[in-house]
Structures are given as structure tokens and as C-alpha cells.
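Here is a friendly walk through one protein chain, with an eye on its rings, its charges and its core. Have the structure open as you read.

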Amino acid sequence: MLGARGGWRALRRCASLPRAVRLRVREALGAREPAEAVRVQGWVRSVRSQKEVLFLHINDGSSLESLQVVADPSLEKRDLTYGSAVEVQGKLVKSPHKMQNMELQAETIHVVGPCDIWSFPLKMKERHPLEYVRQFPHLRCRNNTLGALLRIRSEATASIHSFFQDNGYVHIHTPIITSNDCEGAGELFQIETSREAKESVEKSHFFNVPAFLTVSGQLHLEVMAGAFTHVFTFGPTFRAENSQSRRHLAEFYMVEAELSFTESLQDIMQVMEDLFKTVTSTVLSKCPRDVELFHKYVAPAQKDRLEQILKHKFMIISYSEAVEILKQAPQTFTFKPEWGCDLQTEHEKYLVKHCGEVPVFVVNYPYDLKPFYMRDNEDGPQHTVAAVDLLVPGVGELCGGSLREERLPFLESRLQRLGLTDAYQWYLDLRKFGSVPHGGFGMGFERYLQYILGVDNIKDVIPFPRFSHSCLL
């Protein structure tokens, strides 16, 4: 009994001791008052040992700024190096330096995971170019620039969801594996099981039909738009474009929305513009230091351009007007602009420049250029559909959308001419049972980030770059 009582007394004494509160670096930096017992975990960004004091900077990914740790030199260990993972306990106190509100006076430093600084490809205090860190897709998130990018991606993702939910949209998880080719381009990744891939004889498909990775969730959103007036999806899409350019990705995220009971392309454009401005304003206000890093070192004038764009309405021109502007341009294009031909990136960038370096909606594209689901304008002699592309400076097309063809006879006629009636019988059914005028759009998420941050290569705004077909994690 005496032993048991002694044990309880010891437990009570331990409970009375101050318990170290775990703080993230961002929380520690933003603390208003000192704290007696604090525990911070992260990775060492710098080590500086002096005769009477040891300085560390540690970061846990919660902010661009690192937390300064001040310690007695006796706490220094051989494996306390740049890149090592540590846990530091001590007192959070006011910092005497103007650049930092708080600092941590260390009482204990525990190296959780050592780092071999000689073979670690990221070096302390070096500003590595994006081209260099792209070689290390498994390590580049530890670079300041990519850390900032990932925090911005996270905030932009949350803002997109908030925008749609605040405006009454229902979030739909559309399939990643599908038998539909929404874009009609045929540039899809086909899915096979490992058994199917090895067979050389006639294949029996796992799903009984050929299956592909999705290029768009639009057609599935249209299904849902028959029961919900406002729907959106935000997920991965795939294009089998054999391109190593700075503008293309094989895998990227797409924001897509559908609106029922709308007969106006202007309604679609207004949602596009509101989405862009809302998300951009949120990112600028919630990630100021992260965005500043890009606007200072990657695209110095981009912040001022964005702030001006947010203050003004986007411009609107027709496809026919765009072609005439291009024909009268003083420069020579690689692709000659002609009515009926698709606008190339060089055309899109010129149009934005011609309109004063502001985002531009181009509406009413030629009928034969666009997919079967876009609404026929029934005009002439130049036959067009109610389609729209949003062009932005330096990038070109950011969003694409249209009114959808809700009239059954028009849709049946076009699918029959294309030989697609059997494949899209289910799509025709949507027009037989309570069809309403509707429309929608899609926005490439990575291209959006590329634009607002002023990044030249789109592969620098994704978490894991696939800069060559042989570089897959």
C-alpha cells in the first residue's frame, strides 16, 4: 500500500509541472504573449554557432518565415545540421530583432532525423533556380519557392470550394475512369489491366468497353444538372499530349461548373470572372508573403498587374472580331489567322495585348470548331455556337465554356452526322426528360496558378513534376 501511495504522489507532482505546448512555427511567430513551456518541431534551415550562443532557424512548412531558436552552445550536436529534423523545447520570448516578433530560447534540442549535408542536393542559403530543383521531385518541396507554391495551392483550393459553396453549388465527385471522350480529340490515356496489356489476342475489356482516364467531368456534371441547378467539380484530368512544352501537362486539375436554367452566355462569363477575382483576392490577402516571393523574384511586375485587373471588368469580343484584329496586326504570325481556324497561343497573347493587357472573353466560335454539345446559334452565313474562351495576359486561354445544346432535334442531328448516336444515347436521354437551357465552363487550375504567380513553366506549379516521360514517382 505504501508503494502505491508513493506512486500516486509522484504522479501528482508530475502533473503539477508545466507541460510543453506544441506550437507550429506559424503559431509561434504570431503569438502575442511569451510562453514558459513550448515545443516546436521542424527542419533546420540554418545553423550558426558562436562562442557564447547557438542560433538555429527551423521551419515546419506552416509559413515562409522560419522561427529563430537561441540556445547555449552546449546543446549543439554533431548531427544538428542543415536539413535535419528536430524537436526543440524551451521558452517563447519576445525577439529583440525587428524582423521577428518571437523567438524560442531552447532548453533541449533533440535531433529526430539527421541529414547528410554533403549529399543533400539543396544547399543552405543558396537560391536554387526552378530548373535545378525540378531535377529532385522527391525533395523540392523543401525549397522555399516550392513550399510557398504549395501553400498557395492549398489556399486557392479552399477558396474555390468556398466560392461555389457560398453561391449555392453542390460539389460532385465525377468519375476518373470513363468511357467518354468529352473533348472529342482522341488524346486519351486508355486503361488496361496488367493481364490485358500482356495479351496479344483479341482483348476482353475489364469494363466490357474501352475505358480511359477522364479529360473532363463536364458530361457527368450535365447529368447532375438535371437534378441540381448549380453543380461543380474539382479534380484530376488527363491529356495524352506528347508535349514537353512549358504550357502542357499530362495530368492536371480542372475546376468545372454547370448552371441550369440559363440562356445567356453572359451568365457563364460572370461566374468565370467572379471566380477568378474572388479566388485571386483571397490568395493575395491570405498568402501575402508567399505570393510576394514569386512577385519579387520570379515576376516582379505581376502584383501591380493583378491589382489593376481586379479593379476592372473583363473585355468581351467575338471570334469574328478577333480574327479581324489579327489580320490587321503589324506582326507576322506562325499560323495565319483565318475565319474558321482555331486561335493559337500566339493569337491569344496578341489579342490580350491589343486589348490593353486585360483578360478578354472571346465568344461565338465557328460551329465546326467546337464539340457536339455546344449550342447552335443558328446564325449565318458564318455558322457559330455559343462558346466562350477567357484569355489572360502571358498565358492565353485560361477558361473555356459554352451554353449546352438542350434542344433534342439539334443534338440528334449533329450526333448522327458525327456517327456518335449509339455512344451518346444516354446523353440524348437527358434531353427527353425535363431538359432545360443550361451551360458551364472549365478552368485549368495549374494554368490559373501559372498566371497569378507569373511562372514561366507550368511544371513549376505542380507538387510532383513530370518533366520527362521517364520521371515518374
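Let's begin with an arginine and a ring: the charged end of R431 sits over the ring of Y427, 4.2 Å from the ring centre. A second such arrangement involves R414, whose charged end lies over the ring of Y367 at 3.9 Å from its centre. Please keep in mind that this is a predicted model.

Stepping back to the whole chain, you will find 14 helices and 17 strands. Of the 473 residues, 47% are buried. The accessible surface comes to about 24,700 Å², and carbon and sulfur atoms account for 53% of that. Taking contacts between residues at least 6 apart in sequence, 67% join residues at least 24 apart.

**Aromatic rings**

The structure has 20 aromatic pairs. One of them is F164 with F232, a stacked pair with 4.5 Å centre to centre and 15° between the planes. F164 belongs to helix 4 (residues 144-166) and F232 to strand 11 (residues 230-238), so this pair ties together parts that are 68 residues apart in sequence. Both phenylalanines are buried.

Y319 and Y365 offer another geometry: their ring centres are 5.2 Å apart and their planes stand at 45°, so this pair is tilted. Here too distant parts of the chain are linked, with Y319 in helix 10 (residues 319-327) and Y365 in strand 14 (residues 360-366), 46 residues apart. Y319 is buried at 0% relative accessibility, and Y365 is buried with a relative accessible area of 1%.

Rings also gather in a group: F276, F314, F361, Y448 and Y451 make up one aromatic cluster.

**The nonpolar cores**

In soluble globular proteins, nonpolar side chains tend to be buried together. In this chain the largest nonpolar core has 64 residues, and those with the most contacts inside it are F164, L275, F276, Y448 and I452. Helix 7 supplies the largest share of this core, nine residues. Apart from this core lies another of 29 residues, including A322, V352, F372 and Y424.

Y448 is worth a look in your viewer. Leaving aside neighbours within four places in sequence, Y448 is in contact with F276, V279, T280, L398 and M443.

T262 lies in the loop between strand 12 (251-260) and helix 7 (265-286). T262 is buried, with a relative accessible area of 5%. Beyond neighbours within four places in sequence, the contacts of T262 are D267, I268, L403, P437, H438 and G439.

**Salt bridges**

The structure holds 21 salt bridges. Three of them are set out here.

| Salt bridge | Closest N to O |
|---|---|
| R24 and D60 | 3.9 Å |
| R140 and D460 | 3.8 Å |
| E378 and R407 | 2.7 Å |

R140 is in the loop between helix 3 (130-133) and helix 4, while D460 is in the segment after helix 14 (445-453), so their bridge ties together parts that are 320 residues apart in sequence. R140 counts as buried at 1% relative accessibility, and D460 counts as buried at 4%.

E378 lies in the loop between strand 14 and strand 15 (384-392), and R407 in the loop between strand 16 (396-403) and helix 12 (408-418), 29 residues apart. R407 is buried at 17% relative accessibility. Salt bridges that share partners also join E65, R289 and E292 into one network.

As for the bridge between R24 and D60, R24 is partly exposed, with a relative accessible area of 44%, whereas D60 counts as buried at 16%.

Conventions:
Residues numbered from 1 in each chain as written. Predicted model: local features only at pLDDT ≥ 70, side-chain atom pairs only at ≥ 80, totals over all residues. Heavy atoms only, no water. Phe/Tyr/Trp six-rings, centres within 6.5 Å; stacked < 30°, edge-to-face > 60°. Helix = DSSP H or I, 4+ residues; strand = E, 2+ residues; numbered from the N terminus. Buried < 20%, exposed > 50% of the residue type's maximum accessible area, 1.4 Å probe, protein only. Lys NZ or Arg CZ within 6 Å of the ring centre and 35° of its normal. Contact = heavy atoms within 4.5 Å. Areas by Shrake-Rupley, 256 points an atom, 1.4 Å probe, with all protein chains shown as cover. Core = buried A, V, L, I, M, F, W, Y, C linked by side-chain atoms within 4.5 Å. Salt bridge = Lys/Arg side-chain N within 4 Å of Asp/Glu carboxyl O.
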